[in-house]
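I opened a fresh notebook page for this model. My plan was to go through it topic by topic and write down what I looked up.

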Amino acid sequence: MIDLRSDTVTRPTPAMRDAMHAAEVGDDIFDGDPTVIQLEETVAARLGKEAALFTPSSTQSNLLALLTHCQRGDEMIVGQEAHTYLYEAGGGACLGGIQPQPIPQEEDGTLDLARVEELIKPDDFHFAKTRLLCLENTTWGKVLPTNYSTAARQLVNRHGLGLHLDGARLFNASIASGIPIDRLADSYDSVSICLSKGLGAPVGSVLVSSQSFIAEARRWRKMLGGGMRQSGILAAAGLHALEHHVERLHKDHRRAAQLGEALSGISGIVVEPVQTNMVFVRFQSPAQSDLAERLKEKGILIGGYVFGALRLVTHIDIDDKGLEKAITAFGEVLGRY
């Protein structure tokens with residue numbers, strides 16, 4: 001099956017499995033797992049931060065950042081379509097008592113910083129205290145514009161806020177833009193990086209920040225049940241991905257662009273500009289309800305619709321032959337409509 005639902009469906013390569021099998025491990029809670037420590041130090045160095053923390057998921061990594069930045073009753077400003085607001089089960093509000101102040105995202109994935117500034121609450125006991133601005137890069141496959149993060153940094157500095165980045169696909173942003181990942185992370189107090197999406201590891205994310213921030217986040221991780229034992233087996237997959245799977249992301253981007261170009265040639269389809277490994281397809285007339293079923297019969301898996309668009313995602317498990325198969329299947333199935 002050619003699985004276009006997400007880049008989270010990737011499976012460890014044989015070489016990654018070998019690295020996991022050979023990993024040196026210890027008890028990460030008692031003494032520190034040597035491979036986990038190596039992963040944390042590697043990610044911190046690559047992103048230009050002091051320290052890092054290995055977590056089971058990006059949802060937990062983002063939540064640890066929110067809990068460390070904010071106290072109960074504080075407020076975060078966040079995109080209304082952002083993952084931290086829309087797809088993480090309300091963890092900040094439920095577990096941290098953090099009030100989200102959502103704001104619609106612009107076409108390029110940014111938040112209107114003038115509007116953000118208007119939403120920062122005055123020092124008045126009627127209001128929650130605005131403590132944090134959360135951004136995302138990439139967001140729905142789009143790379144934040146150059147210099148936007150610098151402008152956001154200047155804004156939070158004026159108001160004494162923290163700045164967190166959900167950088168689950170920040171390596172995709174780096175490859176697509178040609179900007180080193182430490183520069184993309186530089187403006188932020190904390191950044192969450194996912195290892196189990198385009199990088200192809202089976203599990204895990206890493207939160208990076210200052211030494212003191214990560215020490216506090218480590219306490220929250222324990223409270224949330226994220227403390228793992230011989231987790232070097234999982235960290236080894238992350239290390240392998242960082243060494244072998246970053247530069248190859250351009251292949252996923254190329255294949256996504258090819259898929260988007262092919263689909264745009266089909267009557268009745270509008271494809272949004274492709275920047276990274278995501279293709280968003282809109283149908284000028286309502287899509288047939290059996291589209292997913294017909295494609296599955298031809299060995300193609302697709303997911304649901306995001307804000308009215310069908311999202312298709314390329315990744316390490318889809319090669320050129322698989323891409324050709326997908327393009328052919330879409331042409332045959334959509335031609336029937």
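**Strands 9, 10 and 13**

I started at valine 270, which stands opposite arginine 282 in strand 10. The model is a predicted one. I then looked up the strands around this spot. Strand 9 (residues 269–271) and strand 10 (residues 278–283) pair in the antiparallel sense, with three bridges. The two strands form a hairpin, and six residues lie between them. Strand 10 also pairs with strand 13 (residues 309–313). I noted four bridges there, again with an antiparallel run. For methionine 278, I found valine 313 as the bridge partner in strand 13.

**The seven-stranded sheet**

Next I asked in what order the seven strands of the open sheet are arranged. I read the order as 2-8-7-6-5-3-4, with mixed pairing. Strand 2 (51–55) and strand 4 (99–103) are the edges, and each pairs on one side only. I looked up the twist as well: neighbouring strands of this sheet are turned by 20 degrees against each other on average, direction ignored.

I then checked one pairing inside the sheet. Strand 3 (residues 74–79) and strand 5 (residues 129–136) run parallel and are joined by four bridges. Within this pairing, glutamate 75 has threonine 130 of strand 5 as its bridge partner.

Two helices went into the notebook next. Helix 2 (residues 34–47) packs on the sheet and touches strand 2, strand 7 (190–194) and strand 8 (205–209). Its direction makes about 125 degrees with that of strand 2. Helix 10 (residues 211–223) also packs on the sheet, touching strand 2, strand 7 and strand 8. For helix 10, the angle to the direction of strand 2 is about 20 degrees.

**Cysteines**

How many disulfides does the model have? I counted zero. I wanted to know why cysteine 70 has no bond. The closest cysteine sulfur to that of cysteine 70 is in cysteine 134, at 7.2 Å, and this is too far for a bond. A disulfide needs the two sulfur atoms within 2.5 Å. Starting from cysteine 134, I got cysteine 70 as the closest, again at 7.2 Å. Are these cysteines buried or exposed? Cysteine 70 is buried at 6% relative accessibility. Cysteine 134 is buried too, at 2%.

**Rings**

I counted four aromatic pairs. I took a close look at tyrosine 87 and tryptophan 140, an edge-to-face pair. The centres are 6.1 Å apart, and the planes make 70 degrees. Tyrosine 87 lies in the loop between helix 4 (83–86) and helix 5 (91–96), and tryptophan 140 in the loop between strand 5 and helix 7 (148–159), so the pair ties together parts that are 53 residues apart in sequence. I logged tyrosine 87 as partly exposed, at 43% relative accessibility. Ring pairs link Tyr87, Trp140, Phe280 and Phe307 into a cluster.

I also looked for a charge over a ring. Arginine 229 lies over the face of phenylalanine 30, and the distance to the ring centre is 5.2 Å.

**Backbone exceptions**

Most residues other than glycine have a negative phi, and most peptide bonds are trans. I therefore noted the cases that depart from this. Asparagine 137 and threonine 138 are joined by a cis peptide bond, with omega about 0 degrees. Threonine 138 is in the loop between strand 5 and helix 7.

Asparagine 147 is in the loop between strand 5 and helix 7 as well. Its phi is positive, about 80 degrees, although the residue is not a glycine. Asparagine 147 is exposed at 59% relative accessibility.

Alanine 89 has a positive phi near 60 degrees. I placed alanine 89 in the loop between helix 4 and helix 5. Alanine 89 is exposed, with a relative accessible area of 79%.

**Arginine 153**

My last entry concerns arginine 153, which I found in helix 7. Is arginine 153 buried or exposed? I have it as buried, with a relative accessible area of 18%; the cut-off for buried is under 20%. What does arginine 153 touch, leaving aside its neighbours within four places in sequence? I listed Leu161, Leu163, Ser187, Tyr188 and Asp189. Arginine 169 is 16 residues away along the chain, and the C-alpha atoms of arginine 153 and arginine 169 are separated by 20 Å.

Methods:
Residues are numbered from 1 along each chain as its sequence is written. This is a predicted model: local features need pLDDT of at least 70, side-chain atom pairs count only at pLDDT 80 or more; totals for chains, interfaces and linings use all residues. Side-chain values use heavy atoms; hydrogens and water are left out. Buried means under 20% relative accessible area, exposed over 50%, partly exposed in between (1.4 Å probe, protein chains only). Two strands pair if DSSP finds at least two bridges between them. Axes are lines fitted to C-alpha atoms, for helices over the stretch in contact, and angles run from 0 to 180 degrees between N-to-C directions. Contact means heavy atoms within 4.5 Å. Rings of Phe, Tyr and Trp (its six-membered ring) pair if their centres lie within 6.5 Å; planes under 30 degrees apart count as stacked, over 60 as edge-to-face and the rest as tilted. A charge sits over a ring if NZ of Lys or CZ of Arg is within 6 Å of the ring centre and within 35 degrees of the ring normal.
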